[in-house]
Amino acid sequence: MSGSSLGNGKVIQSSDKALRVKLDTGDVVWIPKALIHDDSEVYDDDEGREGDVVVKTWWAEQEGLI
């Protein structure tokens, strides 16, 4: 599956199944862990982790993020 970058982001909270990420755009989104692409630099529960946020393209389109 293809991935789409949402730009730089930082993990601000996590749950068992999702990460709450603040994007450089100022948007704060919950991203299901299962939909984080393998190319993403933000991918786990490490709060404060920063980097390129890459998610499954179909989900990003459905959520209006791209």
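Me: In this predicted model, which residue has a side-chain polar atom 3.0 Å from the backbone nitrogen of Asp39?
Reply: The pair is formed by the backbone nitrogen of Asp39 and a polar atom of a side chain, 3.0 Å apart. The residue that supplies the side chain lies in the loop between strand 3 and strand 4. That residue is His37.

Me: Is His37 buried or exposed?
Reply: His37 sits in a loop, between strand 3 and strand 4. Its relative accessible area is 13%. Buried means under 20%, so His37 counts as buried.

Me: Which residues of strand 3 point to the buried face?
Reply: Side chains alternate along strand 3, residues 28–32. Val28, Trp30 and Pro32 point to one face and are not buried. The other face carries the buried pair, Val29 and Ile31.

Me: Which residue of strand 3 is the bridge partner of Leu19?
Reply: Strand 2 (residues 18–23) and strand 3 run antiparallel and are joined by 5 bridges. The partner of Leu19 is a buried residue of strand 3. It is Ile31.

Me: Which residue in the hairpin of strand 2 and strand 3 takes a positive phi?
Reply: This hairpin has 4 residues between its strands. The positive phi is near 100 degrees. The residue is Gly26.

Me: Which element gives the most residues to the largest nonpolar core?
Reply: This core has 14 residues, and Leu6, Val21, Ile31, Val53 and Val55 touch the most other members. Elements giving two or more residues are strand 1, strand 2, strand 3, strand 4 and helix 1. The top contributor, with 3 residues, is strand 2.

Conventions:
Residues are numbered from 1 along each chain as its sequence is written. This is a predicted model: local features need pLDDT of at least 70, side-chain atom pairs count only at pLDDT 80 or more; totals for chains, interfaces and linings use all residues. Side-chain values use heavy atoms; hydrogens and water are left out. Buried means under 20% relative accessible area, exposed over 50%, partly exposed in between (1.4 Å probe, protein chains only). Two strands pair if DSSP finds at least two bridges between them. A nonpolar core is a set of buried Ala, Val, Leu, Ile, Met, Phe, Trp, Tyr and Cys residues joined through side-chain atoms within 4.5 Å. A polar contact is a pair of N or O atoms within 3.5 Å; within protein, one must be able to donate a hydrogen and the other to accept it, and residues adjacent in sequence count only if both atoms are side-chain atoms.
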